[in-house]
Amino acid sequence: MLKTNNLQKVFRTEEVETTALNNVNIHVQKGEFVAIMGPSGCGKSTLLNIIGLLDNPSNGELFFDGQEIASFKERQRTNLRKGNIGFVFQSFNLIDELNVFENIEMPLVYLKLSAKERRERVQRVMERMQIAHRAKHFPQQLSGGQQQRVAFARAVVANPKLILADEPTGNLDSKNGAEVMNLLRQLNEDGTTIVMVTHSAEHAEYAHRTINLFDGHVVTEKIHKESPVEEII
Amino acid sequence: MKRAYRNILNNRFSTIIILISLSVGITCMCLVGVFVQRELATDGFHKYSDRIYALSCDDPFAPGSRMYFAREGAARYMQDNFEQVEDYCLVKSTITNRVFVDNNSFFDKPNTLSVSPNFFDFFSYQLVAGQSDKVLETENNVVLSEQLAEKYFGSASPLGQVIELEELMRPTKEAVKKQYVVTGVFRKPLANSHLQFDIITMMESGDSRAFIRLARDVERTEMEALLAANKEHIPVIHAGTQGTYYLESLSSNYFTHQRHSDAEITRDITDVYIALAIGIIIFLISIINYLSLLDNLLKMRERSFVIRRINGSSIGANISMMMQEVLLLVGVSMLLSGVIITLSLPFFNQLMHASISLDFMLHLNQVALVSIVFIVLLVISFVYVIISFKSSGIINLQALDKKKRNYAQFPVFRVFQIASSIVLIIASFTILKQLVYLNNKSLGLDKNVIVLTIPSKYYEQIDVFKQKLKSHACIKHVAGASSTPLMGHWMVKFHYSEGGKDKSYTPCGFSGDAEFVETLDLNLLAGKGFNVDGISNKEKCLINESLLKLFPNQDLLGEKLPGSDKEVVGIVKDFHYSNLMNFVGPAIIEYRDSHNHLLVKADVRKWNEANLLISKIWQEVIHDYPLDKLSLNERYNIIHAENKSFINLIAVCCFISIFLSMIGLFTTSLQMSLVRTKEIGIRKVNGATVMEVISLLTKGYSKWVVAAFIVAAPLGYYYMTSWLQKFAYQTELSWWIFIAAGMLAYIITMLTVAWQSFKVASQNPIKALRYE
């Protein structure tokens with residue numbers, strides 16, 4: 001489903017040039033749950049952002065379902081992201097001015113679904129995430145765990161093929177962290193491909209495979225369990 | 001102060017916007033304030049200005065209105081017979097065609113007044129040479145302005161020098177040359193004076209304007225009652241029934257439409273009010289920009305203020321620090337506006353037909369006005385800082401907990417800014433449309449006719465001039481005239497009896513020779529007009545349709561004009577002869593064979609050739625006078641110049657208003673984009689396109705424009721309908737003007753905010769997500 005070919009990302013300022021990713025080659029199969037680990041600054045989030053088309057690589061190729069997408073224009077990138085990729089962030093990234101329902105509804109608005117369908121889909125996903133009773137609440141009225149569930153609901157409401165989670169448990173206590181990981185596992189079991197960046201070895205255990213990055217290089221890969229797909233690197 | 005300076009430098013963008021907004025607003029307010037102050041204090045510099053009154057009387061030619069006119073002896077009678085009248089001064093405008101000094105002649109047509117000998121004591125015009133009670137001792141004395149004295153005599157003393165004035169006598173315009181001895185030099189007043197003159201001579205006799213000075217504590221109404229009670233004894237112009245005199249205060253003299261003379265200036269008081277209103281609006285727009293940016297500066301500093309407080313600083317010390325920044329910003333803006341005022345003063349004078357000098361700006365009153373503006377700004381800022389401190393978390397130390405800044409948007413004020421711009425756009429479009437309408441309106445005569453004003457010395461050569469012109473193919477017609485439409489006319493009152501009742505009417509009069517009608521291309525509706533031979537025309541006249549309508553049941557053609565011994569030999573279609581603010585009134589055209597004008601109708605295809613020919617023949621016939629030529633079209637434009645000045649004023653104000661409003665909107669859009677950067681990132685991550693983000697960011701501004709339009713459209717309609725009312729002939733206040741104004745405001749607003757919105761919307765979403 002996802003493949004990178006010598007992916008490079010170099011950040012340049014007036015004084016310094018930093019290589020965040022250096023010829024990274026990874027391959028993620030459909031239905032797989034992959035964890036990316038490594039020390040701070042090794043390029044985990046950068047890799048996730050490039051995979052999610054939130055950032056551009058400096059060099060290299062990126063394939064999504066066999067199609068090269070690194071050279072996509074802004075409009076193409078938006079269209080691909082829309083409905084195909086869901087994002088979950090450490091800091092939740094909910095919009096303070098919108099309530100729970102509206103935050104979850106947002107990707108459906110941009111997919112131009114009818115109000116009725118949006119309402120039904122949001123209701124379903126809220127019930128699944130057990131936050132339906134908080135539909136009218138605003139983010140600042142929720143606990144961290146509840147906010148992350150809203151963020152999950154927003155990420156899955158459009159039924160994306162791929163969910164990219166950037167340290168989804170980073171801002172949560174252990175109980176809420178475990179709940180979030182269970183949610184991710186459940187989503188994966190339902191068929192969604194997941195790529196997750198994490199610092200926690202315990203949480204990485206939820207994944208089928210862990211890719212370790214160091215200084216912008218893939219250094220090791222570890223298979224935890226059998227993936228539901230046949231082809232593994 | 002050093003820290004304040006550093007903080008201001010750190011917020012360069014806000015500082016620049018504040019300085020631009022404030023300095024432009026202060027400049028407009030100060031210029032308009034000084035202008036209004038100067039206009040309202042016109043003639044206030046005279047020592048006795050509160051006791052001096054101009055005499056006016058009922059206008060026999062225009063029932064219901066008054067004219068500034070006093071019969072010879074009227075003012076003297078008042079002083080001799082009423083102890084309430086302390087003194088009087090007569091003033092009469094004369095036409096000086098040229099001035100001879102030694103062997104040089106100057107065709108500068110200086111404004112000349114013939115006045116009573118006490119002129120310089122009665123009024124407070126300042127003499128720089130000569131004594132006020134001696135400069136006009138004899139009728140051969142002349143007093144010059146400093147500028148003319150320097151022009152004629154250079155650095156030599158003008159006193160005792162001899163000059164000759166060639167004066168044109170009224171009503172014949174015959175030139176008379178007279179010798180004068182310079183006995184004084186006066187300084188033109190810095191303050192405004194409704195009398196504008198370059199040369200003063202002594203008045204010998206005759207009717208004139210008259211000013212009287214009342215004794216202390218004498219009320220104007222009391223004096224007017226006294227004059228009315230004694231009206232039988234006081235000479236006054238009238239048309240059968242003796243009228244009375246009225247007293248017009250010196251200050252109100254300036255704001256009247258009833259005088260027309262080169263030596264007097266008038267101003268429509270509405271101009272002053274419009275300038276004041278626009279000045280205040282622009283000042284308010286700039287203050288809104290300033291306050292919104294000040295608010296943002298305060299919000300950006302909330303954290304630092306709280307940290308200072310935690311570390312021992314008092315609230316007062318924080319406010320004092322903020323006020324130092326405010327003082328610096330307002331102070332620099334004042335200095336900048338001083339520079340802008342200096343640079344823009346000539347342009348402002350041109351725009352407002354004013355003559356404000358830099359010296360005048362430095363007078364105590366004007367400095368006081370500028371100081372008031374400065375103090376007002378500081379007080380507003382101080383109050384705003386206090387309110388902001390109270391409403392923010394600075395006082396109760398909560399600002400550290402705030403995660404997000406809420407920048408001020410001031411929606412009501414932003415709507416006010418846009419609405420002001422829309423009203424001014426509507427005004428600009430309407431005035432422009434009216435100007436186009438006036439330019440294109442058929443006047444009922446040919447505006448391309450060239451009018452040559454012949455010096456009286458050459459009246460006998462007019463026929464020679466005429467024949468020389470007519471012998472060329474590029475000249476179609478030439479007519480002699482002494483009163484020409486748009487150039488000037490006389491008025492006459494005809495009395496007649498109808499059904500045993502005495503009646504009268506007052507037509508405007510024009511006079512010319514047999515080719516007058518044809519040259520001007522007047523449309524002869526009935527009759528045959530004047531005979532070419534001229535002799536049999538003496539007792540004949542033409543009338544216009546409006547005059548015919550005064551006698552609906554009579555066929556005047558071939559009959560004597562009621563109240564006159566002239567026979568009507570033709571009826572012409574109504575033609576315009578003055579400002580289009582007035583309807584065409586009754587008019588007659590008399591035949592005359594003595595003229596002071598030549599009307600030339602040239603072949604428009606050979607326009608340049610005709611003009612060269614006119615210059616050439618003028619040189620041959622009238623070699624010692626410069627060519628005095630004006631087309632009726634040029635004259636028409638001069639008459640309507642006021643409208644062009646008005647559109648210039650409104651257009652400039654419109655531009656400034658839009659500029660300031662858009663600076664404010666741009667700042668708001670920039671700040672709002674910053675506040676919403678992260679939200680934009682989240683939306684983009686969730687599938688929003690660039691256009692959808694731009695639409696989201698600009699949606700609020702569309703609402704502002706719609707709200708502003710709803711406010712502005714009725715206001716614009718009301719004010720422009722009132723403005724059009726002063727024209728007898730008005731263009732239609734079309735609906736498209738309003739739509740166009742609204743659309744223009746919308747487009748300008750969207751262009752202003754879209755750039756910043758596009759910048760934010762098209763950036764990499766990950767940058768937006770990282771933004772705090």
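**Exercise 1. Describe the long helix H9(B) and its bend.**

Step 1. Start at the kink: H9(B) bends by about 55° at Ser344(B), shortly before the proline Pro346(B). The bend at a residue is the angle between axes fitted to the seven residues ending there and the seven starting there. Helices (H or I, at least four residues) and strands (E, at least two) are DSSP runs, numbered from the N terminus.

A note on the source: this is a predicted model, where local features need pLDDT of at least 70, side-chain atom pairs count only at pLDDT 80 or more, and totals for chains, interfaces and linings use all residues. Residues are numbered from 1 along each chain as its sequence is written, while chains are lettered from A and ligands numbered from 1 in the order in which they are written.

Step 2. Compare spans. H9(B) covers residues 315-352 and spans only 48 Å between its end C-alpha atoms, whereas a straight helix of 38 residues would span 56 Å at 1.5 Å a residue. The expected span is 1.5 Å times one less than the number of residues.

Step 3. Find the buried residues. Among them are Met322(B), Glu325(B), Val326(B), Leu329(B), Val330(B) and Ser333(B). Buried means 20 or more other C-beta atoms within 10 Å of a residue's own; exposed means 12 or fewer; partly exposed lies in between; C-beta atoms are placed from the backbone. An α-helix has 3.6 residues a turn, so residues three or four places apart point the same way.

Step 4. Look past the end. His353(B) follows H9(B) and has a positive phi, near 50°.

**Exercise 2. Place Ser594(B) and explain its exposure class.**

Step 1. Locate Ser594(B): it sits in the loop between strand E22 (587-591) and strand E23 (597-602) of chain B.

Step 2. Count neighbours. Ser594(B) is exposed because 12 other C-beta atoms lie within 10 Å.

Step 3. List contacts. Leaving out residues up to four places away in sequence, Ser594(B) touches Tyr459(B) and Ser482(B). Two residues are in contact if their C-beta atoms, placed from the backbone, lie within 7 Å.

**Exercise 3. Compare two residues of chain A with positive phi.**

Step 1. Read phi. Gln130(A) has a value near 60°. Asn159(A) has one near 55°. Each is a residue other than glycine.

Step 2. Place both. Gln130(A) lies in the loop between helix H4 (115-128) and helix H5 (144-156). Asn159(A) lies in the loop between H5 and strand E8 (162-166).

Step 3. Class both. Gln130(A) is partly exposed because it has 13 other C-beta atoms within 10 Å. Asn159(A) is partly exposed because it has 14 C-beta neighbours inside 10 Å.

**Exercise 4. Describe the contact between chains A and B.**

Step 1. Count both sides: 16 residues come from chain A and 15 residues from chain B.

Step 2. Find the elements. On chain A's side, helix H2 (74-81) and helix H3 (100-110) each supply at least two residues. H2(A) gives the largest share, four residues.

Step 3. Sort by class. The chain A side has seven nonpolar, three polar and six charged residues. Ala, Val, Leu, Ile, Met, Phe, Trp, Tyr, Cys and Pro count as nonpolar, Asp, Glu, Lys and Arg as charged, and the others, Gly among them, as polar.
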